[in-house]
Amino acid sequence: MEPLTEIEDRLLVEQDVELNANYGNSHSRHHTGAWRACSLILCMVFCEYLAYYGINRNLVTYLTKELHETNLEAAKTVSLWTGTCLLTTLLGAFLSDSYWGNYRTIIIFGGIYLIGMVTLSLSTLMPNEYDSSERSSTKSVVLFFALYIIALGSGGIKPCVSSFGASQFDETDPKEKVQKGSFFNWYLFLLKISTILSTTFLVWIQDNLGWGLGFSIPTIILGFAIVSFVSGSRIYRFTRNNRGSPLKRVCQVIVAAIRKSNLNLPSDSSVLYEIAYDSSASRKLQHSPDLR
């Protein structure tokens, strides 16, 4: 099986050959991107949030019933875990923007996420080896290992799917520009639907049919989403955004701004140095008389 980097590089090369300078007007545009690709990305969004909220919404109950934590301990545990899920999004965004790109980051962290979900589901089969005053240490270790692996995977996926979906639409094409707005509407709609299903359907299964089944269902759904996402690799539009650490670029801007703070801005902005427009690069900012 080809390494992930070679697969993505090959796809990028194939698209580079097919795409001309006007990205939205190329022949490949009719075979890649837009809703053809975003349907798989939205599937990933729905399943990822279903898995996340399938754990989050009933985790306090699981900790109090299965691990015999007090309500205070369980609430503290869930708060720390939720906070970790949010903090790891910074890591996912950093790696995506600086080195790996959205596609590669989603696949790598999706695999990590799935490992955590499988481990969590298997942990429910472990016996509770405790007496009336001591909770199971082995089961606790496995559970918390699974939870924080999930936190890492979730944080890597969340900041990437929305931007990767948006990159499937060409803003220079009026039709696709409108479709891009619809993508975000569907994104939020599926997020809310997955939250509702997790809070009702999955919580009911966990409370009435068992924790093993309640955690296994979102695990299977997430696995299906990852396989579906990978299967659409040839229809995604990719951009080369491996531009190194953003901290370096921020520092360069600050240093340049300080060094040039005493320069006079010419009245004609056309005499300023500008690079040739590249649709795959970041959009240029319009000159403004503000903040001088």
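## Helix H7

Helix H7 is a good place to start: it has 21 residues, and its first and last C-alpha atoms lie 31 Å apart, close to the 30 Å expected at 1.5 Å a residue. Keep in mind as you look around that this is a predicted model.

Which residues of H7 are buried? They are Trp211, Gly214, Phe215, Pro218, Thr219, Leu222, Gly223, Ala225, Ile226, Ser228 and Phe229. An α-helix has 3.6 residues a turn, so residues three or four places apart point the same way. The cover over the buried residues of H7 includes H2, H3, H4, H5 and H6.

## The largest nonpolar core

From H7 we can move to the largest nonpolar core, which has 52 residues. Ile55, Trp81 and Phe229 have the most contacts inside it. At least two residues of this core come from each of these helices: H2 (34-56), H3 (59-66), H4 (71-123), H5 (137-166), H6 (174-208) and H7 (211-231). Which helix gives the most to the core? That is H2, with 13 residues.

Trp81 is worth a look of its own. Leaving aside residues up to four places away in sequence, Trp81 touches Tyr52, Ile55, Asn56 and Leu59, along with Leu147, Tyr148, Ile150 and Ala151.

## A loop residue to notice

Between H3 and H4 there is a loop, and His68 is found in it. The phi of His68 is near 60°, a positive value in a residue other than glycine. Most residues other than glycine have a negative phi. Is His68 buried or partly exposed? His68 is partly exposed, with a relative accessible area of 41%.

Conventions. Residues are numbered from 1 along each chain as its sequence is written. This is a predicted model: local features need pLDDT of at least 70, side-chain atom pairs count only at pLDDT 80 or more; totals for chains, interfaces and linings use all residues. Side-chain values use heavy atoms; hydrogens and water are left out. A nonpolar core is a set of buried Ala, Val, Leu, Ile, Met, Phe, Trp, Tyr and Cys residues joined through side-chain atoms within 4.5 Å. Buried means under 20% relative accessible area, exposed over 50%, partly exposed in between (1.4 Å probe, protein chains only). Helices (H or I, at least four residues) and strands (E, at least two) are DSSP runs, numbered from the N terminus. Contact means heavy atoms within 4.5 Å. The expected span of a helix is 1.5 Å times one less than its number of residues.
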